[in-house]
Amino acid sequence: MPTIFHKIIRREIPADIVFEDEHVIAFRDIAPQAPVHVLFVPKDTYATLNDVPADRPEVVGRLAVAAARYAREQGFGEDGYRIVVNCNGDGGQTVFQLHLHLLAGAPLGRFGVAAG
Ligand code: 5GP
């Protein structure tokens with residue numbers, strides 16, 4: 001089932017693309033949750049993090065390395081940034097094509113809910 005992100009990969013809908021290579025595309029989130037909010041998406045289809053096979057760790061590694069490189073290039077390496085992968089309902093996932101959020105540009109505070 002193609003998602004909105006597949007349509008962005010195929011250039012069927014516009015996006016503010018900041019990085020692309022053979023395996024990964026990255027574009028600005030349409031509803032940013034930080035001054036910099038970029039989504040890193042594999043070009044191969046994986047609905048969630050659960051769907052990445054154990055013998056394909058490079059799928060996730062490529063997203064993380066691309067995000068870290070972009071963050072460093074944009075000058076956030078020293079101040080810091082956050083990467084997040086939401087998975088399924090409790091994780092807050094709304095688009096079912098694997099993606100990694102890069103959030104940067106301000107102190108991001110804590111996240112999650114209190115345990116217990
Ligand atoms: P999730 O909640 O699945 O982890 O994250 C999905 C993200 O995709 C959300 O932060 C949402 O704002 C973003 N998003 C949803 N639709 C679009 C779109 O059409 N274009 C862009 N650039 N981002 C989108």
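Start by selecting strand β3 (residues 36-42) and strand β5 (residues 100-104), which pair in the antiparallel sense over five bridges. Two strands count as paired if DSSP finds at least two bridges between them. Helices (H or I, at least four residues) and strands (E, at least two) are DSSP runs, numbered from the N terminus.

This is a predicted model, in which local features need pLDDT of at least 70 and side-chain atom pairs count only at pLDDT 80 or more, while totals for chains, interfaces and linings use all residues. Residues are numbered from 1 along each chain as its sequence is written, and side-chain values use heavy atoms, with hydrogens and water left out.

**The strands**

Stay on β3 and select V36; its bridge partner in β5 is A104. Now colour β3 by accessibility. Seven of its seven residues are buried, where buried means under 20% relative accessible area, exposed over 50% and partly exposed in between (1.4 Å probe, protein chains only). In a regular strand the side chains alternate between the two faces of the sheet. On one side of β3 are V36, V38, F40 and P42, on the other H37, L39 and V41, and all of these are buried.

Next, add strand β2 (residues 24-28). β2 and β3 pair in the antiparallel sense over five bridges. Select F27 to find it opposite L39 of β3.

Then add strand β1 (residues 17-20), which pairs with β2 in the antiparallel sense over three bridges. These two strands, β1 and β2, form a hairpin with three residues between them. Select F19 and look across to β2 for its bridge partner, A26.

**An aromatic pair**

Go back to F27 and select F5 with it. The structure holds two aromatic pairs. The ring centres of F5 and F27 are 5.3 Å apart and the planes lie at 70°, so this pair is edge-to-face. Rings of Phe, Tyr and Trp (its six-membered ring) pair if their centres lie within 6.5 Å; planes under 30 degrees apart count as stacked, over 60 as edge-to-face and the rest as tilted. Because F5 belongs to helix α1 (residues 4-9) and F27 to β2, the pair ties together parts that are 22 residues apart in sequence. F5 and F27 are both buried.

**The ligand**

Select the ligand and show the residues around it, counting a residue as near if one of its heavy atoms lies within 4 Å. Which residues are the closest? They are D29, N86, T94, H99 and H101, in a shell of 16 residues.

Now show the polar contacts, which are pairs of N or O atoms within 3.5 Å; within protein, one must be able to donate a hydrogen and the other to accept it, and residues adjacent in sequence count only if both atoms are side-chain atoms. A polar backbone atom of G92 is 3.0 Å from an oxygen atom of the ligand. For T94, a polar backbone atom is 2.7 Å from a ligand oxygen. With H99, a polar side-chain atom lies 2.9 Å from an oxygen atom of the ligand. The ligand taken alone exposes 520 Å², and the protein buries 83% of that. These accessible areas come from the Shrake-Rupley method with a 1.4 Å probe; for residues, only the protein chains shown count as cover.

Highlight α1 and β2, the elements that give two or more residues to the shell. Helix α1 gives the most, with three residues.

**A last stop**

Finally, select V60 in helix α2 (residues 58-73). At 28% relative accessibility, V60 counts as partly exposed. Draw a distance from its C-alpha atom to that of F76, 16 residues apart along the chain: the separation is 21 Å.
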